[in-house]
Structure formats: structure tokens, C-alpha cells
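Work through the exercises below with the sequence and the model side by side. Try each task before reading its solution.

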Amino acid sequence: MEGIAERIDSFLVPLVVTPGDAIRFTLVEWLGFFVLFTGFAFAGWAWFYFRFILRNLLRNWLRTSLTAMATMVLVLVVTLVWTILLFLSNATSEKAKDLKAIITEKWQIPSQMPFSYEADLSEGAPSKNGDFRVDTTKDSMTWQFYGGTVDPAKRTRENIVFFFCMDPNKLMTVNDPTIDSLMASIPIPATYPYRKEETGEMVEIKSLNLTDAQKKDLEKVKNAVQKGQITSMMDGLDEMAPEELVAMRKAILLTLGDKRKVVVGRERLLALNKRIGETFKLTSLNYKDIDLEFEVAGVFPDGRYNQSAVMHRDYLNDAMDDYNRRNPGKRHPLSDKSLNLVWIRVPDTASFQKVEGQIAISPKFQSPAVKCETASSGVASFLDAYRDLLWGLRWILVPFILLTMSLIISVAISISVRERRKEMAILKVLGFAPGQILIVVLGEAVIVGILSGFLGSFSTYYLINEVIGGVKFPIAFFPAFMIPFEALWWGPTIGAITALSGSIFPSYNACRIKVSEVFARIS
Amino acid sequence: MFPTEIILYCLMGFTLFMAVFAWLAKVPIKYNLRNLLVRWQVTLMMVLAFVLQVGVLIFMFAFVNGMYKLTEGSGVPGNVIVLSDGATDEVFSNLGFADTSDVELHPTVLQSENPDDPGPLASWEVYILVNQPIPSERINGILLGGDFEGDSMKIAHVSWGGVLASGNLQVGDVLQKFNGFTPANHESLQKLLAGKMSGIAPLDFNRNGSPHQTFCDLGKLAQVGSTRRFLQVRGIDNPTRSLAVHNLPLRSGGKVFSQAGVQTIKGPNGIATSAWEVILGEGIARTLASDQKKTTLEAGDTFTVADRIWVVVGVMKSSGSTFDSEIWAKRTLVGPLFGKNSYSTVVLRTKDADSAEITAAELTKSFKKSAIQATPEKEYYARLNTTNQQFLYSILFVAFVVLIGGSLGMMNAMFAAISQRLKDIGVLRIIGFAPWQILFSFLLEALLLSLIGGLLGCAAGFLADGWSASSIVSGGAGGGKSVVLKMTVDGQILVFGMLFSLTVGLIGGLVPAISAMFIKPLDALR
């Protein structure tokens with residue numbers, strides 16, 4: 001039984017978890033076949049049926065539109081659920097190249113390692129010739145977490161900020177000095193897309209008024225990302241517009257020049273009721289008695305970092321040193337626990353395995369012991385706590401919704417067939433074969449399914465991505481799930497499949513209508 | 001979870017109104033029933049659609065309800081939990097004993113009535129979240145070594161755990177075949193291990209008489225979905241008192257761990273080895289037992305965490321609280337192992353809820369030796385409802401969308417019913433039925449459909465009651481607890497399911513019924 005279940009699972013899971021891929025493939029095939037077939041051999045035949053079906057559908061526009069609307073709203077639910085499942089599936093899928101690894105404390109959550117581990121771990125703990133050595137200038141990153149509130153007397157979700165303390169250069173590393181100077185020359189402020197007025201107000205920049213040469217420079221910046229001249233240890237660099245890249249680089253330079261300066265996500269800044277250029281003081285929640293003052297140097301581009309904040313790691317480490325100096329004999333409790341995560345990027349699986357081995361055998365990381373795992377494996381571990389919820393979404397909610405859609409379409413088509421029994425009988429008298437009647441009925445359902453499915457997925461895509469800004473489902477540490485572009489295919493495919501399955505029985509009934517019986521009943 | 005009374009009153013009021021109105025209006029209910037039976041195919045499909053919609057909603061609400069019940073069931077009304085100031089969760093709290101030991105001397109803290117264990121009813125605890133690689137089904141050896149001889153491997157050393165251990169494999173055994181696999185060489189052994197064990201396993205072996213040392217390639221771990229789980233380990237000093245403070249009795253046959261917290265047990269190779277004594281919650285006992293193909297762990301069973309053997313000495317009757325997912329062990333052992341040398345929390349028992357509230361306020365305000373925050377324990381656990389609320393809102397959104405979809409489907413069916421029965425409507429009008437009675441007749445038909453579908457959907461959804469599921473409860477500011485919950489279908493969920501179903505029937509039936517009301521009798525009969 002287990003073997004059969006596994007086989008079924010291996011067949012069904014790609015359809016459910018990566019429906020985009022599965023669907024894209026079959027659709028390309030289907031579309032190619034359809035175009036070729038109808039375009040050359042049966043164009044007239046297809047056109048006749050299409051018009052015939054369309055006219056039938058428009059005859060009872062109320063029923064057609066009710067069925068279409070029901071399909072649309074149910075497609076919305078399926079699209080939302082599949083978006084979450086697809087995202088999580090991608091996040092937990094191993095990459096073969098350019099894979100990221102996380103090094104954390106081996107046994108404990110949250111990981112708290114001494115900062116003295118940083119140098120060796122960032123390099124991948126090479127100990128001898130031939131060991132793999134990570135390029136620390138661009139392929140490693142450390143994270144420390146500093147959280148605090150602007151109002152210690154009354155902590156709320158709004159007045160709390162959690163900072164990633166890191167080397168700001170790892171937000172965006174410019175590997176080519178010419179690109180760096182090119183970015184510096186483009187007159188886009190670090191505060192873009194805002195401009196600070198003399199009154200202190202922040203005004204959104206409507207247009208940049210760049211010269212043609214500067215616009216060409218922006219193109220070069222964009223190309224630099226593709227060529228690897230600009231890299232980042234954070235995800236999402238490729239999603240940024242060149243203007244945002246330039247502004248981000250300038251903000252990074254500001255944080256490098258003054259450790260108090262920070263980059264904050266839009267929504268977090270809004271929640272704090274602060275603007276670019278303003279300062280605020282945090283009373284720490286996790287680093288007791290280490291309260292720090294910050295100045296907002298820039299904002300993250302709109303998107304996945306809306307709730308995030310980044311500060312220079314040296315600011316925290318200097319403050320810890322200062323605390324220990326001021327309190328001789330009483331080191332800060334987190335002095336040897338301030339390093340939370342080390343990220344490294346390796347070119348391939350073999351390199352990862354080598355680094356993993358290097359770290360595992362190194363005697364330097366014994367107390368506490370550390371582990372190295374791929375980022376996807378780390379995410380998968382976090383998701384294990386949600387496995388039942390995800391199982392329910394995948395195997396209960398989605399199939400039930402699909403079945404409901406199928407039933408709604410089935411009801412509509414059944415009613416339609418029942419009302420048109422006389423018409424079907426006449427068609428048979430006129431020479432229509434049962435198969436042709438079957439095609440007509442199935443065609444009606446499939447066309448409604450495809451069109452309403454597409455409208456459903458398109459409106460979901462627009463509504464969620466452009467209006468709402470992502471699906472905010474509280475799972476693991478993901479802030480919001482954006483509907484992927486391939487979701488535009490999901491709707492028509494779901495619509496077509498559910499319509500087809502829902503209309504098989506009514507269309508079979510339609511093609512089996514007996515002319516004599518129908519006319520006998522009329523007479 | 002829901003304002004039950006309001007929903008219930010709505011449902012009752014609605015039903016009463018419909019019944020009275022149907023009686024007053026003298027609606028031909030038999031006629032409607034007969035029509036449902038005549039077009040039985042459509043009726044059946046609509047009922048099935050209702051069953052699916054209501055069933056899936058009840059299933060989802062049962063999950064969230066289980067989460068709510070868990071947080072509501074956690075904590076004792078008279079308890080006060082003390083954390084370090086600023087800590088948003090136990091896991092972030094650090095209490096130095098020297099600075100905070102006086103909190104248990106607060107006058108409102110009750111004294112233990114156990115003559116063998118006198119003192120204030122205070123439980124000093126360290127709370128740690130621990131990574132546990134989920135043991136593989138086939139191999140759970142931490143260290144595996146052997147000599148390859150032809151197509152076999154002679155085991156040189158094997159660590160504790162898993163099938164290798166439970167299969168009574170010992171050092172010196174020759175592995176010809178293992179689970180159908182021939183360990184012909186190091187590479188093939190790597191393949192066997194790949195993806196089946198977390199971390200990296202050092203493998204020592206001899207090849208052609210010369211010693212080699214290498215590592216098993218476990219890098220493909222994630223590709224087959226093998227992951228880790230997070231265990232909640234609570235280190236305590238005095239288990240008897242902590243159990244008393246938290247009102248958690250042990251299941252029969254269990255006992256608290258010893259003063260040392262360690263005992264010697266016989267290992268799989270027959271060699272005596274030391275194991276840490278632990279008390280488990282019932283939920284985590286079931287979860288850990290699944291690794292060993294058992295239903296639950298009992299006293300005497302062992303498992304492996306952080307390269308150490310842990311032996312169960314007792315299982316708490318903890319069902320329905322977050323303690324159900326916890327492992328309790330000796331603080332002086334687990335604290336240093338995971339680098340936690342301070343306490344996370346101290347839980348104090350006072351007389352009752354009012355007393356707990358007063359004590360918490362006083363301690364937070366007046367305790368000067370160290371900055372602490374004291375909270376009534378019930379309030380602390382109630383704050384863990386943020387995740388529950390977010391899940392609830394998500395489900396309500398899904399319910400709303402499904403409600404619209406279902407209503408549109410219902411409208412379709414009812415419009416069709418009306419168009420098929422135009423002549424009937426004409427006759428009814430001519431024999432004296434008023435337009436509003438026609439409206440009511442069709443509305444009642446839709447409601448009847450939704451009532452049957454709703455009842456069957458509730459029955460289907462009720463099957464989810466009692467299922468175990470895992471999730472996370474948290475206050476939304478970091479931390480959180482990985483919990484094993486029991487899905488709960490209770491009265492208010494069933495009432496909500498029925499209300500959902502009737503609402504779909506009402507919305508889906510009302511518009512077509514209104515259209516039926518305006519049909520002119522002569523036009524209908526023409």
C-alpha cells in the first residue's frame with residue numbers, strides 16, 4: 001500500500017506543488033497541437049463549432065455569467081493556496097548551482113554563537129591546502145539580531161523593530177570599481193523614491209529628469225547585475241529597478257560612513273511613524289542595557305523587505321565592547337552569543353559538501369557545536385512544524401474546492417442539457433452524430449471554464465500583487481507571498497479540467513438522447 | 001473563537017422566523033419537496049457541493065479551534081510567570097538566580113503542603129528549543145564505521161539509535177545486506193545514507209588493509225525531505241514541585257527523575273551506558289514514538305537528542321496544554337549542554353487568579369534587584385493567540401470567498417428551477433397564491449437544500465474531531481511554541497457551519513425567488 005501511495009504521490013505532487021511547470025508543459029503541447037490542427041486542417045470545422053457553442057452560451061447569459069463568476073471566485077482560493085505551496089516548494093528545493101548554506105548552532109534555537117566564530121565560518125573553515133575557501137568579500141554574510149522598542153513603557157507590535165546586524169556591503173556588493181563610480185555619478189538620492197523637502201517633509205519623486213547619458217548608465221547598472229558585477233547575499237536583487245539599485249548603493253555607503261545610519265523597510269518605517277533622516281532611540285529587548293540611537297538613511301524598495309531593517313554590525317559589536325569596558329568583571333550575558341547566523345554561497349553541491357565536512361571536523365567549533373546545511377534544508381526544518389497545516393491545504397482544501405467547482409459547472413450543464421433535450425433531438429434529426437453533440441456540450445463547459453478561470457487568476461494576480469501587496473499568511477518567517485506570473489495559466493487550466501470533469505456526465509446524457517422518446521413526449 | 005451566543009441566537013431566530021412564516025403563509029412545502037425529488041440529479045449535486053464546502057470549513061475551523069483550546073488550557077489561574085524585563089517569550093528570557101531568587105519569597109506565594117518537599121511553590125525553569133534530526137527509517141547511527149571485505153562490511157563501531165541498534169547489530173557483525181541493500185563499498189554505503197540522516201556522519205573504514213577516514217555524504221538530505229524537528233526542553237530543579245506548580249500529574253507507572261537526573265541503562269550492544277532521565281508530555285511522547293514505530297513512549301523507553309541518550313521515567317497527563325509538547329529534564333544537565341546557565345522563568349503559585357494578578361503587578365513594579373516582568377500565567381498563554389487569530393482570519397476569508405462561490409452556484413440551480421416551473425407559478429398565482437408566497441416557496445426550497453447539505457456537511461466535518469495535528473502557537477513577536485494539538489469540532493463550529501450553509505441558501509435562493517415573485521400569471525401560462 002505504501003508503495004502505491006508513494007507512486008500516486010510522486011505523480012500528483014508535481015501537479016499540485018509545481019502546477020505552473022506541469023501546466024506550462026502540457027499547455028504548450030496542447031496549444032501547439034490545437035493551433036496546428038485547427039489552423040490548417042479543421043479551421044472551418046472548428047470555427048463552426050466555436051460560433052455554435054458561443055451562441056448557445058450567450059443564449060442564457062445569466063446562467064453562463066453565474067457559472068463563470070462562481071468559477072472565478074473559487075479559482076481565487078486555489079490560486080492563493082497554490083501560490084503558498086509553490087513558494088514553499090521552491091524555498092525547500094535544493095539547487096545544484098550557486099547554492100546558499102546556513103551555518104548555525106547545532107542543537108539550539110535560536111542559534112547563538114560567539115562572534116569569534118565569524119572569521120573562520122565565513123571562509124568555510126578551511127584548514128589545509130586544497131580545502132574549499134569561500135570568497136568572504138562577496139560570498140558570505142553574518143547575521144546578528146538586535147531588537148528594540150521606541151516606547152519601552154508600552155511595547156506594541158508597531159513600536160518594535162528587529163534589525164539584521166550585518167556588513168552593509170553584503171546587501172549589495174559592487175565587485176567592479178568602475179560600476180561603483182558610475183552609480184555614484186547618477187543623480188539619484190539615497191532616499192529614492194522620496195525627496196526630503198526643506199520643511200523636512202518627504203515627498204515622493206514623480207520623475208527623475210535624467211539625461212540620456214544617465215539613463216544609459218542606469219542600463220549599465222542593470223546589466224551589471226546580470227554579469228555578476230553587482231551581487232548580493234540577500235535575495236531579490238534581480239527584482240530591483242536600476243534606480244533602486246543606485247539609491248540602495250548610496251544608502252549603503254551612508255551606513256558604512258556612519259554606523260548609526262540604517263536602512264528600514266517602508267511598512268516598518270510607517271509603523272514607527274518615522275521618516276528618512278529622522279533619528280530614533282531603541283530600548284533593546286534582547287540585548288539588555290544596550291540601547292542604541294539610529295538615523296534612517298534609506299528605505300528598502302517596495303516588496304519583500306517592507307518589514308525589515310538593517311544596521312551595521314560594528315555598531316552593535318562596538319556597543320557590546322563598550323558595555324564590557326564600562327562593567328569590568330561583569331561581561332554582557334550575550335557577549336559570547338551574539339553571532340546568530342553565517343551565510344555562505346558555494347558554486348555547487350560538491351563544494352557545499354566539502355565545506356560541510358570542513359566545518360564538521362574543525363576543532364574550533366565545539367562549544368557550542370555548529371552545523372552547516374543548505375538554506376533549503378534549513379527552511380524545510382522550520383516548515384516541519386507546519387506540515388499538518390500544509391497537508392490540509394494541499395490535500396483537503398484544494399481538492400474540495402476543485403470538486404465544488406466541478407459540481408457547480410456540472411449542475412449548470414445538466415440544467416442546460418435538460419432544458420435543450422428537444423433541441424438536441426432536432427440536431428440529431430438534422431444529422432448531428434452523438435459525438436458532435438458531445439463536443440458541443442463539452443465545448444460549452446470548457447470555454448466557460450477556460451475564460452472564467454483566466455479571469456479569476458488574472459484578477460487574483462492583479463488584486464494580490466498590485467493592490468494588496470501579497471498574501472500575508474502567517475507561516476514561518478515569510479512576510480508575504482506574491483502570486484507568480486505562471487499563476488495566469490493555473491486559472492484556465494483549473495477551469496478547463498474542472499469543467500471537463502463536471503460536464504462529462506451531462507454531455508454523455510446529451511449525446512444519448514433518443515429522438516423518438518423526445519418527440520413522443522412532446523406529442 | 002466566535003461569538004457563539006450571537007451566532008446561535010441568529011440561527012434560532014432565523015429558523016423560528018422561517019417556520020412561523022411558512023405556517024402563516026401556507027406555503028405548499030410538499031410541492032417544493034416533490035420538486036426537489038423530481039430533479040434529483042441537480043438536488044444531489046447541490047447537496048454534495050454543500051457537504052464539501054461545509055465539511056472543509058469545519059475541518060479548517062477544527063484545526064484553529066484546537067489551537068485556541070490549547071492556549072486556553074495552558075496555565076493555572078493562580079500562577080504567576082516571571083520573565084526578564086523586555087523578553088517577549090520564554091526562549092529570550094534570562095533570569096540570574098542571584099538577582100531574582102527573592103521573588104519566591106513574596107508573601108502571596110503559597111507554600112508546598114508536601115511534607116517531603118517543603119518550601120515555596122515556585123518552579124525555577126530554563127526553557128530551550130532544541131533541534132532534533134528526525135531519525136531515518138533505516139539508519140540512525142550517529143557514527144558508523146566498518147571494514148569492507150568484498151561485498152560486505154564488518155562493523156567496526158556503531159553508535160546508538162535507529163534500526164541498526166534495534167536490529168541488535170553489534171560491533172563485529174558483518175553486514176551482507178541491509179534492508180535489501182548490499183554495502184559493497186564506501187560509495188554505495190554513502191548512497192544508502194544519503195538523505196537518511198541529518199548532519200554528517202564520520203565513517204571510518206579500511207580499504208586494502210590501509211585505514212581511511214572520510215565522511216558519509218549526507219548532503220542530499222533535503223532532497224528526500226528528511227528534516228529536523230524542534231523539541232521544547234524544560235530544565236527544572238525540583239520536578240515534584242514543578243509538577244505541583246503546573247498542576248500536572250504523572251500517568252500511572254511514571255515517576256519524577258532522580259536528584260542526579262541520570263541513570264545507567266543497558267545499551268543495544270549490551271554495554272552499560274548512562275542516560276538522562278526525562279519526563280514527557282503526552283503529545284511529544286506520541287511524536288517521538290512515531291520514530292520507533294510505536295504509539296507512545298512509556299517509562300523505560302529511550303530516544304536520542306543532541307548525541308545523548310535520554311530515558312523516559314514518566315509521562316505527564318498534559319493533554320490540552322502546551323506542556324503536552326514538552327520534555328522535562330534536570331536543569332543542571334540540559335542548561336550547560338545547551339549553553340544556558342541562567343534561568344528562563346520562575347513560575348509562582350498563589351491562592352487564586354485575583355491573587356496572581358496582584359502579585360504580578362507588585363513584582364513588576366516593586367522588585368528592585370533585577371528588572372523583571374511578572375504576568376499571570378493565564379494571561380501569558382492567552383498572548384500566544386496571535387498565530388491562532390491570523391489563521392482564523394485566513395479561514396474566514398476563505399469561508400467568505402466560498403460563500404460567494406456557493407451562492408452563485410445555488411442561484412444558478414434556483415433560476416433553472418424557476419424557468420422550468422413557469423407554468424406551475426402561473427397556476428399557483430391563478431389559484432390565489434400571492435407573489436410573496438411564491439417568493440417564500442422558492443426561498444424555502446433553497447433553504448431546504450442548504451439545510452440538508454449543511455447537516456450532512458457538519459456530519460462529514462465532525463469526523464475531524466479528535467485528530468492530532470502539529471502547529472505553532474506564538475505571540476507574534478518572535479519565539480513561539482511548536483505544539484501537538486487535538487482538532488476540536490464543538491457546538492459553535494457546527495452552528496457556524498449550519499449558519500454558513502443557510503446563508504449560502506438564503507443568498508442563492510433569494511434573488512431567483514424575487515424574480516419568481518414578479519412573474520405574471522398569464523405570461524407564465526402563455
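The exercises move from chain A as a whole to its rings, single residues and surface.

This is a predicted model, in which local features need pLDDT of at least 70, side-chain atom pairs count only at pLDDT 80 or more, and totals for chains, interfaces and linings use all residues. Residues are numbered from 1 along each chain as its sequence is written, chains are lettered from A and ligands numbered from 1 in the order in which they are written, and side-chain values use heavy atoms, with hydrogens and water left out.

**Exercise 1. Describe chain A in outline.**

Start with secondary structure. Chain A has 17 helices and 14 strands. Helices (H or I, at least four residues) and strands (E, at least two) are DSSP runs, numbered from the N terminus.

Next, burial. Of its 523 residues, 52% count as buried. Buried means under 20% relative accessible area, exposed over 50%, and partly exposed in between (1.4 Å probe, protein chains only).

Then the surface. The accessible area of chain A is about 24,800 Å², and 60% of that belongs to carbon and sulfur atoms. Areas come from the Shrake-Rupley method with a 1.4 Å probe; for residues, only the protein chains shown count as cover.

Last, contacts (heavy atoms within 4.5 Å). Among those in chain A with a separation of 6 or more, 78% join residues 24 or more positions apart.

**Exercise 2. Classify two aromatic pairs.**

Recall the rule. Rings of Phe, Tyr and Trp (its six-membered ring) pair if their centres lie within 6.5 Å; planes under 30 degrees apart are stacked, over 60 edge-to-face, and the rest tilted. Over all chains there are 25 aromatic pairs.

Take W143(A) and F164(A). Their centres are 4.5 Å apart and their planes at 45 degrees, a tilted pair. W143(A) lies in strand β3 (residues 140-149) and F164(A) in strand β4 (residues 160-166), so the pair ties together parts 21 residues apart in sequence. W143(A) is buried at 12% relative accessibility. F164(A) is buried too, at 18%.

Now F280(A) and F294(A). With centres 5.6 Å apart and planes at 35 degrees, this pair is also tilted. It links strand β10 (residues 279-284) to strand β11 (residues 292-299), 14 residues apart. Both residues are buried. They also belong to one aromatic cluster, along with Y146(A), F163(A), Y287(A) and Y315(A).

**Exercise 3. Place L397(A) and list its contacts.**

Find helix α13 (residues 387-419) of chain A; L397(A) is there. L397(A) is buried, at 3% relative accessibility. Now look across the sequence. V78(A) is 319 residues away in sequence, yet 8.4 Å away in space, C-alpha to C-alpha. Leave aside neighbours within four places. L397(A) then contacts V77(A), V81(A) and G392(A), plus V56(B), M60(B) and V398(B).

**Exercise 4. Do the same for N317(A).**

N317(A) sits in helix α10 (residues 313-326) of chain A. Its relative accessible area is 13%, so N317(A) is buried. Not counting residues up to four places away, N317(A) touches F115(A), Q144(A) and S338(A).

**Exercise 5. Is V467(A) buried or exposed?**

First locate V467(A): helix α15 (residues 434-468) of chain A. Then read its accessibility. At 54%, V467(A) is exposed.
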